[in-house]
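Reader: Please take a close look at one part of this model for me, and then show me how it fits into its surroundings. I would be glad to have each term explained as you go.

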Amino acid sequence: MSTAYPLPTNLSKTTVANTASLLRIVALGLISAAAIASRLFAVINFESIIHEFDPWFNYRATRVLAAKGFYEFWNWFDPTAWYPLGRVVGGTVYPGLMATSGVIYNFLHAFNLPVDIRNICVLLAPGFSALTAWATYMFTKEMKDESAGLLAAAFIGIVPGYISRSVAGSYDNEAIAIFLLMFTFYCWIKALKTGSALFGTLAAVFYFYMVAAWGGYAFITNMIPVHALALMLMGRFSSRLYVAYCSWYAIGTLSSMQVPFVGFQPVRTSEHMGALGVFGLLQIVAFAQLARSHLSSKQFQNLLTVAVIVMGVVGTFGFIALTYMGWIAPWTGRFYSLWDTGYAKKYIPIIASVSEHQPTAWPSFFMDLQFLIFLFPAGVVLCFRELRDEHVFVIIYAVVASYFAGVMVRLMLTLTPVVCVASAVAFSSLMDTYLDPTQPEAEGESRPAEVDASAASNGSTASTASKKEKEKAKKPAAGGALSDIVAATSSSKKSKGVWGLDTRLVVIAHSLLMLGFFVFHCTWVTSSAYSSPSVVLASTNADGSQHIIDDFREAYYWLRQNTAEDAVVMSWWDYGYQIAGMADRPTLVDNNTWNNTHIATVGKAMSSSEEVAYPILRKHDVDYVLVIFGGLLGYSGDDINKFLWMVRIAQGVWPDEIQEPNYFTPQGEYRVDDRASSAMRNSLMYKMSYYRFAELFGGGQAVDRVRQQTMPKTGPTLDYLDEAFTSENWIVRIYQVRKEDDLGRDLKSANAFAQGKKRKRTKPVSKRRAITV
Amino acid sequence: MRLPSLIPFLSLFLLSSVWAAPKDKGAVRQQLIDLSAKGNGVIKLDSKTFDLLTLPNRDWSASIQFTALDRRRRCAPCKEFDPSWNAIAKAWTSTPKEHRDNHFFGTLDFDEGQAVFQKLGLASAPIVYVYPAAEGPRQAPSGKTGPSKYDFSTGFEAEPLAIHLSNHTPIPIPYKAPIDWARWATFISGLLGFALTIRFISPVLQSRWTWAAITVLTSLTMIGGFMFTRIRGMPYTGPDGSWIAAGYQNQYGQEVQVIALIYGTLSFAFLMLIMIVPYQSSPSRQRMQVYLWSAVVMLIYSVLITLFRIKNRGYPFKLLL
């Protein structure tokens, strides 16, 4: 057999195998290092700080857990959140993330390594990304082989779609959830392949961990049943499937119910009914199989078929009846909005208002996955070529996840692993073909017929059957590049191959180019787009150096040091967790958006006039109101841009008092300048944002840099609030709510009186002095 | 001699005094009830009857559609919305009389009440105003008597409108969406057709490549951003005829097709390199194909990068192009 390039001949098989396994370990180590290192941009560019919004709550909870222990955490009632309602944190949280950090913290401290809990929290996500790479390697190895596994691990290690949720400091549930997702899937595939109850149980254990860690566990809860159902429909029911599914479902469901936040949901909500239904179906099918193997009578078999169908129908109707009777809750809003995409906007504006719940445009897909996005369909087709049980899983996963990722930006995270796996399968198949040194003999008498059959890749069963045989014939040879060397030394005859060295070089060159480009792309995206903590902002000076904008922390620390410890701060819910975490003050609403009415109350206060808002503020004991204003700096994520959502959410509860169209100009524009509608100009939010803004320009044209509109010369006035603090770049503005007038006047007339008086004569100096004792 | 001519004059005077006297609510109400019954639940308003319906001391509530149904006005949304409105008003006629006569539905066409449109400062149509009762037991607790506007953000469908209006009517509007017989017919005939042809198409359905095609096409559509264009209701092309929308978080319908085609071509090229090229029998043909598909990959990939640079201006990398 001729080879395209010379091969060493004096290597024994064991040497090759040992070297290969050593190289694999080294490669996995390097991949882990790259995965961790690329997530540290945030720490290097900024500092070791917790990012964004939700992580601040997780961090706060973790601190409680580390300081007071698990039981305190479990029973923690937080009176400062959702003032005056409070929040039972232990029962309304997925504790997996905090527990993980707590365990690491206690473990390190047991070895007398006094690591700060903050650093554990900051670095947890990068650490787990290395584990994700390993889990993806194991998973892909089951799909194809080790070389594909290594590629998949490398892809998921640095792909921006996953980095976006797991940079250092992004201390969120997703940080550990993707590892758990992939490892649960790996255990499931392994259990299915081997029919081992051990792996089924392992899958259940990791499923439990996943349930404790992330609300997205419903994805596993539905993916595995759908896979099992598809296998049954394909006529691939086997005892392996039965054992794997039943051990996973029974143990997984029972253990998942131990999480207080989940409770009885697994038997009462529609999200979980699919898993239960497939479990029941499996019992019926297994029973039918068993009975059939013991019976011979034709009639009895017919009876059995009828019985099975009747059982299925009764089960379905029972399910429907239970739903109608209210025993089974319908889909939750967040889940339902995945199917009926107009649902959220109509009925739950709070879900629609979150930016990560927006649909995904194609540039986001390309940004997050780059060349993997077009290798991925090729990988799916390759899965169809082999179509073992585990390939069915990847195929279903691919379709479902690509739909979900299209509907919601945040679900790009669940698409990323399958894209990495499928494209690694495709890429490693390409490498296998073109690195393989063996050249086919150029005889080709008997081959053309075969070539045509496969070239057409048509749907006729005859050609697929012949192809399957072909696959079987070449399977021992189709290993990784290294195993090909092993295969080449043994004289197995192959029906396919590539001639010449130049063809190999061309393909390998452009493949390497793409890989290299991918690395550059990932590095650029990670460093420029995904590593901003959003608590600290960065801008570039004229000379190219970095300028740090630290208004958020400045304002939160002002609150912490200058206000009473029980002073209630009202802000839009986005900032609730940050205020609780950094300023340590009670808040009305926060990012745990469980009470729509409470949020709508805040929305109403923000969007009504001062006179209407004041009683609301007083009734809720609000001492300070915090708004985010980007008009001076051009920070587009400010409250005026979020304002319409506040109006919409308030309108959902008080449709008579707050109406969205009132906040637009008659021409239907959203304006803040002198053409703004009166509802807009009188709203508390507008007044707080632009209070004294025009003065800043010293008589010149005041320009809002976010909305590019010229502000009127005389800005709004405030009667019921006092400006308490405005941060350096005006991003955070804090107002103090005035107490009721001492003389019982309403504050507006009191103000007018005070001002009117001031014009006539200056305030007399007090003659009386405090008596010093 | 003069008497006969006076009678019509007198009666006219009496009649006009009824028109002019807003105090007599009972008569006005009766008139509205008659008008409503005549119009199948909807009162066809003009400037005069509009003033009656929105009497300052009314103890009934009213919801009024301002529209422009005349062909010359070219108001397509008006035509789209009108059936929903009439269906709701029709549903209201089935309520018990004591409730029905406390809320009225009216339609004011632009051509019959230009003065009203001007008075209310309405510049567009359709618009729905709800006038709460200004007096009597059904007066709003807030004491508000002015109209409130219905927000069309949920579309022109009758269902959400009925739910919204039910907040203002004495009892909820018993509106039920009519059964869409056409849809059911298509569904059942589709099912039947499937059942009948299953014997012939089952080999196709059992072929893995059918499913592969379905899977890959679905995935390609989704990663082309199809759901974005659907949820956001993006047009197929821009207003100026451009097919590629500016901005990173934006896209037109045509972009889905172009991007899916590009991804599909690239995938196909890779599949050719993996699945087909190695099975070629002649070395020269194989070599040609390798070069061909490699060139296709590099070229299309460069095009893709160029497109991405249009969407994301700050992207620093580029390939051949």
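Author: Happy to. The expected span of a helix is 1.5 Å times one less than its number of residues, and helices here are DSSP runs of H or I with at least four residues, while strands are E runs of at least two, both numbered from the N terminus. This is a predicted model, in which local features need pLDDT of at least 70 and side-chain atom pairs count only at pLDDT 80 or more, while totals for chains, interfaces and linings use all residues. Residues are numbered from 1 along each chain as its sequence is written, and chains are lettered from A and ligands numbered from 1 in the order in which they are written.

The part I have picked is helix α4 of chain B, residues 76-92. Its 17 residues should span 24 Å at 1.5 Å a residue, and the end C-alpha atoms are 26 Å apart, which agrees. Even so, α4(B) bends by about 30° at D82(B) (the angle between axes fitted to the seven residues ending there and the seven starting there). A proline, P83(B), follows within four residues of that bend.

Which residues of α4(B) are buried? They are C78(B), F81(B), S84(B), W85(B), I88(B), A89(B) and W92(B), where buried means that 20 or more other C-beta atoms, placed from the backbone, lie within 10 Å of a residue's own (exposed is 12 or fewer, partly exposed in between). An α-helix has 3.6 residues a turn, so residues three or four places apart point the same way. The cover over the buried residues of α4(B) includes strands β1 (42-45), β2 (61-67) and β3 (103-109) and helices α5 (97-100) and α7 (158-166), in chain B; contact means C-beta atoms, placed from the backbone, within 7 Å.

Those three strands belong to an open sheet of 5 strands with mixed pairing, in the order β1-β3-β2-β4-β5 of chain B; two strands pair if DSSP finds at least two bridges between them. β1 and β5 of chain B stand at the edges with a single partner strand each, so one side of each has no neighbour in the sheet. At the β5 end, 2 bridges join β4(B), residues 127-131, to β5(B), and the two run antiparallel. There, Y129(B) has K149(B) as its bridge partner.

Now let us step back to the whole chain. An automatic or database domain assignment divides chain B into domain 1 (25-166) and domain 2 (224-311). Taken over C-alpha atoms, the centres of these two domains are 53 Å apart.

Chain B also meets chain A, with 61 residues of chain B in contact with 60 of chain A. The elements of chain B giving two or more residues to its side are β5 (148-149), α8 (181-206), α9 (208-223), α10 (226-232), α11 (253-276) and α12 (283-311). α9(B) gives the largest share, 11 residues. By class, this side of chain B has 33 nonpolar, 21 polar and 7 charged residues. Here Ala, Val, Leu, Ile, Met, Phe, Trp, Tyr, Cys and Pro count as nonpolar, Asp, Glu, Lys and Arg as charged, and the others, Gly among them, as polar.

For a helix to set beside α4(B), turn to α21 of chain A (389-407): its 19 residues reach 28 Å from first C-alpha to last, close to the 27 Å expected. α21(A) is mostly covered, with 16 of its 19 residues buried.

How values were computed: Two residues are in contact if their C-beta atoms, placed from the backbone, lie within 7 Å.
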